[in-house]
Amino acid sequence: MAAIVRRVGCLVLLNLVRQNRKTFKTELQSPVASGFLGGNTAVMSAFSLLHLVTKSQPVALRPCGLPSGSCRDKKTYKVVFSQEELRKRLTPLQYHVTQERGTESAFRGKFTDHKEEGTYTCVVCGTPLFKSTTKFDSGSGWPSFFDLITPEAVCLTDDFSYGMHRVETSCSQCGAHLGHLFDDGPRPTGKRYCINSASLAFLLEAQASGTSGTSASGEGAGKEEGGGLENSSSGEKDGKTEL
């Protein structure tokens with residue numbers, strides 16, 4: 001039985017490699033992969049190999065159920081930023097993830113192992129999304145949270161990409177792609193918000209308190225880590241971006 005399981009696993013992995021040959025080749029040439037394959041003491045585990053060939057897909061077993069009417073129409077977002085402006089003030093990775101629904105490589109995001117106390121906000125519009133107290137180590141390679149600051153902070157959408165059903169999470173104020181939501185998180189919610197670091201900015205506890213729950217602007221706010229906003233005043237009044 002063990003031999004059969006191993007053989008089936010090898011066939012599945014081989015199929016994934018064939019389907020993702022270009023990505024697989026690129027990732028194997030990266031410094032991280034070289035560390036796994038080239039070192040005398042480092043050996044690539046099956047888990048790490050799986051991440052290389054499926055890096056664009058969060059590791060999860062079950063998608064959560066999508067509440068009806070949970071996704072807002074794009075035209076209802078509060079403030080519109082031109083794509084030209086977004087390209088200027090976001091990094092290429094931030095733009096790709098938030099505007100083109102991309103996914104950063106596992107275990108490489110800025111906030112994956114981030115431990116400071118404070119608030120994680122949307123990198124595009126500054127909307128508060130998650131408290132650091134709800135962050136946990138899921139082992140997936142992406143920042144994970146078990147709850148939102150407010151239920152209205154995130155918009156949920158069915159995602160059928162890559163031949164599977166998942167639930168996409170987007171900023172409810174600007175529509176920026178954040179990540180995906182799964183039902184394999186810890187108590188008390190049982191949820192795992194699997195989020196790209198590139199979609200997030202971070203405010204230390206003192207800074208977060210100073211915003212009084214309103215949207216923070218990146219350089220305008222002063223010291224927001226990973227912030228993408230520039231010369232934009234904060235507050236619900238200014239609204240958010242159209243994507």
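## Overview

A residue counts as buried when its relative accessible area is under 20%. By that cut-off, 46% of the 243 residues of the chain are buried. The model is a predicted one.

The chain has eight helices and nine strands. Among contacts with a separation of 6 or more, 64% are between residues 24 or more positions apart.

## The six-stranded sheet

Six strands form an open sheet in the order S3-S4-S8-S7-S6-S5, and their pairing is antiparallel. Its edges are strand S3 (135-136) and strand S5 (154-159), each of which pairs on one side only. Strands of a sheet pair through backbone hydrogen bonds, in either a parallel or an antiparallel way.

From the S5 edge, six bridges connect S5 with S6 in the antiparallel sense. One of the residue pairs here is cysteine 155 with serine 170 in S6. S5 and S6 make a hairpin with six residues between them, and tyrosine 162 in the turn has a positive phi of about 60°. Strand S6 (residues 166-171) is also antiparallel to S7, through four bridges. There, serine 170 has histidine 177 in S7 as its bridge partner. Serine 170 is thus named in two pairings, with cysteine 155 and with histidine 177.

## Strand S8 and its neighbours

Strand S8 (residues 192-195) is covered on both faces. Arg192 and Cys194 are buried on one side, and Tyr193 and Ile195 are buried on the other. For cysteine 194, the relative accessibility is 3%. That value is under 20%, so cysteine 194 counts as buried.

S8 has paired strands on either side in the sheet order, S4 and S7. Strand S4 (residues 144-145) runs antiparallel to S8, with two bridges between them, and serine 144 is opposite cysteine 194. Strand S7 (residues 177-182) is antiparallel to S8 as well, with four bridges. Glycine 179 is the bridge partner of isoleucine 195 in S8.

## Leucine 178

Leucine 178 belongs to strand S7 and is buried, at 0% relative accessible area. Setting aside residues up to four places away in sequence, leucine 178 touches Leu129, Val154, Thr169, Ser170, Cys171, Cys194, Ile195, Asn196 and Ser199. Cys194 and Ile195, two of these, are also among the buried residues of S8.

One of the touching residues, valine 154, is 24 residues from leucine 178 in sequence. The C-alpha atoms of the two are 8.8 Å apart in space.

## Cysteines

How many disulfides does the structure hold? The number is zero. Cysteine 125 is in no disulfide, and its nearest cysteine sulfur, on cysteine 171, lies 3.6 Å away. A disulfide requires the two sulfur atoms to be within 2.5 Å, so this pair does not qualify. Cysteine 125 is buried, with a relative accessible area of 4%.

## Glutamate 104

Glutamate 104 sits in the loop that runs between helix H6 (92-100) and strand S1 (118-122). Glutamate 104 is buried but forms no salt bridge. Arginine 108, the nearest side chain of opposite charge, is 10 Å away. A salt bridge needs the charged atoms within 4 Å, so arginine 108 does not provide one.

What does the side chain of glutamate 104 reach at 3.0 Å? The atom is the backbone nitrogen of alanine 198.

Notes
Residues are numbered from 1 along each chain as its sequence is written. This is a predicted model: local features need pLDDT of at least 70, side-chain atom pairs count only at pLDDT 80 or more; totals for chains, interfaces and linings use all residues. Side-chain values use heavy atoms; hydrogens and water are left out. Buried means under 20% relative accessible area, exposed over 50%, partly exposed in between (1.4 Å probe, protein chains only). Two strands pair if DSSP finds at least two bridges between them. Lys and Arg count as positive and Asp and Glu as negative; His and the chain ends are not counted. A polar contact is a pair of N or O atoms within 3.5 Å; within protein, one must be able to donate a hydrogen and the other to accept it, and residues adjacent in sequence count only if both atoms are side-chain atoms. Contact means heavy atoms within 4.5 Å.
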